[in-house]
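Work through the following exercises with the sequence and the 3D model open side by side. Each task is followed by a solution that goes step by step.

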Amino acid sequence: MNDLISVVVTIYNLEGYLCKCVNSVRNQTYQNLDIILVDDGSVDNSPELCNQLRLDDNRISVIHKNNEGEVAARRSGVEQARGKYTLFVDGDDWIEPDMVYELYRSAVEHNADIVTSGCYRQSEDIYTEVFDGVAEGVYDTEKNGEEIFGNLIYVGLSERNGITPMLINKLIRTCLAREVHAGLSNQIYYGGDSAAMFACFSRARTIVITHNIYYHYILHAGSVTSSTNPYYLRSVNELYLFLKGEFQKSKYQKVLIQQLDIYIAKQVFLGLSYYMGLGKPVAIPYYDFDKNVMEKGARIILYGAGKVGRAFYSQICTEKCYQVVEWVDKNYLALRKQGLNVSSIETIGQVEYDYILLALMEQDKADMARKILIKNYQIDADKIIWTQPISMVDKYKLIEREE
């Protein structure tokens, strides 16, 4: 186990995060690294920091290029990569010291093309553990490809990821990553990770799925995932055309394209709801819920202002089925900066209400919120309501099945 491993770090205006990121790569327990910093036309102090880091460590090389987006930046990095395997890292994230070693060890043991892991997803002070919905194990796609490709994008409902649609928490054979990126369009602004990752999977022979977590994925206000773009649908179309072309090359193309159709429908709904900057009368709330769980006209406190909470709030205000007397979230300060009229959870005791509606996707998070509300705020358990949110894509897919 002494192969050179490449780590491609993509950077755009990340001077405040770059040193922590790169140092987490430099301090890996596996030291035979080829570290490539790709400065994608930064206009802050990032280029100078890259050059200084290169002087501090002879394993580091730097690419300075015009700003073309993440797909082009990763392509530049993997084209220069000299390692047998490549790990992609975003310049504002960081990784645990044993990430490269553990993923590489699995790759060598099974002669794998791809080894996956989970990640910690951090938004402000909220941490979420994310890992694949596919069971841990070694998958030979020639022998049991149906098992993994039948659940590649989602498992059951579209909200349950099969393989997490991120490139950054996976070790990929460099020749495979290079081939895929060579055919990727720079116009895929949304879903570049998904495009590259799903294409790599569709071409891989041996895949190792692990649920171990080594990667810290940091979400910032104003990031691509939280910003709007009027060209969103054009980007989604580029994503669809690319992945359809990739999947048609596979002998499992039927199950892959079935999932792709659902995945693209979901992206279109999400765009109409969040990413295109449409006005409230036009935007379509993406998540629905059972509105028979409370009597009509009830006074409610809406708990949660993520995508689910915003969808619930929009529907309630439009349909006037309930009266929202307060909307609360732990992350209320950041949400207020986004223009949402959200308050601290502490305000629960200051208003009259009939129910608290938990606008949370996962039942375990709803159960935890329920316990906190009962213990810390002495809320009557019968007043706390949670109903499983369902996406519009899944709602109409289920209606179709019933018919």
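**Exercise 1. Which residues of the largest nonpolar core touch the most other members, and which helix gives the most to this core?**

Solution. Take a nonpolar core as a set of buried Ala, Val, Leu, Ile, Met, Phe, Trp, Tyr and Cys residues joined through side-chain atoms within 4.5 Å, where buried means under 20% relative accessible area, exposed over 50% and partly exposed in between, with a 1.4 Å probe and protein chains only. The largest such core has 118 residues, and those touching the most other members are Leu-37, Leu-152, Phe-201, Phe-247 and Leu-357. Helix 9 (residues 253-275) gives the most to this core, with 10 residues; helices here are DSSP runs of H or I, at least four residues long, numbered from the N terminus. Apart from this core lies another, of 15 residues, among them Leu-358, Ala-369, Leu-373 and Ile-379.

The model is predicted, so local features need pLDDT of at least 70 and side-chain atom pairs count only at pLDDT 80 or more, whereas totals for chains, interfaces and linings use all residues. Residues are numbered from 1 along each chain as its sequence is written, and side-chain values use heavy atoms, with hydrogens and water left out.

**Exercise 2. Describe how helix 6 and helix 7 cross, and name the residues that make the contact.**

Solution. Begin with the axes, which are lines fitted to C-alpha atoms over the stretch in contact, with angles running from 0 to 180 degrees between N-to-C directions. Those of helix 6 (residues 174-182) and helix 7 (residues 192-203) come within 9 Å and cross at roughly 125 degrees. That makes helix 6 oblique to helix 7, since angles under 35 degrees count as roughly parallel, over 145 as roughly antiparallel, 65 to 115 as roughly perpendicular and the rest as oblique. Next, list the contact, meaning heavy atoms within 4.5 Å: helix 6 brings Leu-176, Ala-177, Glu-179, Val-180 and His-181, while helix 7 brings Ala-196, Ala-199, Cys-200 and Arg-203.

**Exercise 3. Are Ser-194 and Ser-202 buried or exposed, and which residues does each touch?**

Solution. Ser-194 has its place in helix 7 and is buried, with a relative accessible area of 5%. Not counting residues up to four places away in sequence, Ser-194 touches Pro-165, Ala-199, Leu-243 and Tyr-263. Ser-202 is also placed in helix 7 and is buried, with a relative accessible area of 12%. With residues up to four places away in sequence again not counted, Ser-202 touches Phe-149, Glu-246 and Phe-247.

Methods:
Helix = DSSP H or I, 4+ residues; strand = E, 2+ residues; numbered from the N terminus.
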